[in-house]
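Let's take a walk through this structure together, one region at a time. Have the viewer ready, and follow along as each residue comes up.

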Amino acid sequence: MTAVLLATVCAVVYGTADFFGGLATKRSRVLAVVMLTQITGLVFVLPLLPLLPGTLNAGALAWGMAAGLAGGLAVILFYRALAGGVMSVVAPTTATMSAALPVLFGLAVGERPEPLALGGVVLALAAVVLVSRASGGGGGRPALAPILQSLASGLGFGAFFILLKQVPEDSGMWPLFGARLASVVVVAVLALSIRATVVPGRGALPTIIAAGVLDMLANVLYLLAVQRGLLVLVAVLVSLYPASTLLLARYVLGERLNAVQAAGVGLALGAVALIASA
């Protein structure tokens, strides 16, 4: 139950972070948003190292840095997709892939949830697919490039979830320190190689900082959850984060939530209930 609660709260925080990240990409260049959110997350995790202590070892840092490489590339692709697409389509599409990959991996390595929980996993995957449906009123098909970027981003996030599951349980927050340090280096090298500016747009800095803090907070919640539960269950619950992104986009930005997406949000709640009751 602790893992389910942590994963569910993590999903809400991830969704809120993505909402702020999406807003920031409308006002600033993508690499500027990614770079500053990653630095913000690194600063945020530093005081957590003594508060949530663990053993610093090569394994913890290695798995964390590998996760950071996958996550850093995923964030770049995700924010590019947000900048060029519709938030209520990009976030769920990414989540579909980020949920499917850990579920397949978990089942492949022998994780076997209870039948009721496994039913919740299936329901959750269906919910992600439903909320991925584009809202009406767009007047045409979604652009192909943001969809492809969303799918690739989802694979990166799925790898991030899998790699963090491999860290020793006594590592504390050191894997997240390693992950964020690696992602900062990746983004910095990319920005330097293409001579991209990392100066935020006017008035965008508070939104970027909020996205960075919330993203790292969600990472902390995920690490705590996956240390206490099965990857199959935790990853699929975390991947329900588009529900909160959709609701924020609906009530803050006025993006329309169609009947299919609303049904997907309802299925997401049902999936959480099934997994929690197992």
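## Starting from Gln38

The side chain of Gln38 reaches the side chain of Arg180 in a polar contact of 3.1 Å. A second polar contact, at 2.7 Å, connects the Gln38 side chain with that of Ser183. Please keep in mind that this is a predicted model. To find the residue in your viewer, look in helix α2, which covers residues 30-45. Is Gln38 buried or exposed? Its relative accessible area is 3%, under the 20% cut-off, so Gln38 counts as buried. Leaving out residues up to four places away in sequence, Gln38 touches Val75, Arg180, Ser183 and Val184.

Arg180 has another partner to show you. Which residue forms a salt bridge with Arg180? That residue is Asp215, and the closest N and O atoms of the pair are 3.0 Å apart. The two come from distant parts of the chain, with Arg180 in helix α8 (residues 174-193) and Asp215 in helix α9, 35 residues apart. Asp215 and Arg180 are both buried. The count of salt bridges in the model comes to one.

From here we can turn to the nonpolar residues. The largest nonpolar core holds 77 residues, and Tyr14, Tyr79 and Tyr222 have the most contacts inside it. Helix α9 supplies the largest share of this core, with 11 residues. Helix α9 (residues 205-226) is also where confidence is highest, at a mean pLDDT of 94. Let's pick out Tyr79 for a closer look. Setting aside neighbours within four places in sequence, Tyr79 is in contact with Gly21, Thr25, Val30, Val33, Val34, Thr37 and Ala211.

Next comes a pair of helices to trace from end to end. Helix α4 runs over residues 58-84, and its 27 residues reach 39 Å from the first C-alpha to the last, close to the 39 Å expected at 1.5 Å a residue. At its N-terminal end, Asn57 acts as a cap, with a side-chain oxygen 3.1 Å from the backbone nitrogen of Gly59. Helix α7 (residues 144-165) has 22 residues and spans 32 Å between its first and last C-alpha atoms, close to the expected 32 Å. Buried residues in α7 include Pro146, Ser150, Ser153, Gly154, Gly156, Phe157 and Gly158.

Some of these α7 residues come up again at Thr94, which is found in helix α5 (residues 87-108). Thr94 has 0% relative accessibility and therefore counts as buried. What is Thr94 in contact with, leaving aside its neighbours within four places in sequence? Its contacts are Phe78, Ser150, Ser153, Gly154, Phe157 and Tyr241.

For a contrast in accessibility, move along to Leu269 in helix α12. Leu269 has a relative accessible area of 60%, over the 50% cut-off, so this leucine is exposed. Its C-alpha atom is separated by 17 Å from that of Thr2, although the two residues lie 267 apart along the chain. Do look at the confidence here as well: helix α12 (residues 259-277) is where it is lowest, at a mean of 75. Across the whole chain the mean pLDDT is 84, and 92% of residues reach 70 or more.

Technical notes
Residues are numbered from 1 along each chain as its sequence is written. This is a predicted model: local features need pLDDT of at least 70, side-chain atom pairs count only at pLDDT 80 or more; totals for chains, interfaces and linings use all residues. Side-chain values use heavy atoms; hydrogens and water are left out. Helices (H or I, at least four residues) and strands (E, at least two) are DSSP runs, numbered from the N terminus. The expected span of a helix is 1.5 Å times one less than its number of residues. Buried means under 20% relative accessible area, exposed over 50%, partly exposed in between (1.4 Å probe, protein chains only). pLDDT is the predictor's confidence in each residue, from 0 to 100. A nonpolar core is a set of buried Ala, Val, Leu, Ile, Met, Phe, Trp, Tyr and Cys residues joined through side-chain atoms within 4.5 Å. Contact means heavy atoms within 4.5 Å. A polar contact is a pair of N or O atoms within 3.5 Å; within protein, one must be able to donate a hydrogen and the other to accept it, and residues adjacent in sequence count only if both atoms are side-chain atoms. A salt bridge is a side-chain nitrogen of Lys or Arg within 4 Å of a carboxyl oxygen of Asp or Glu.
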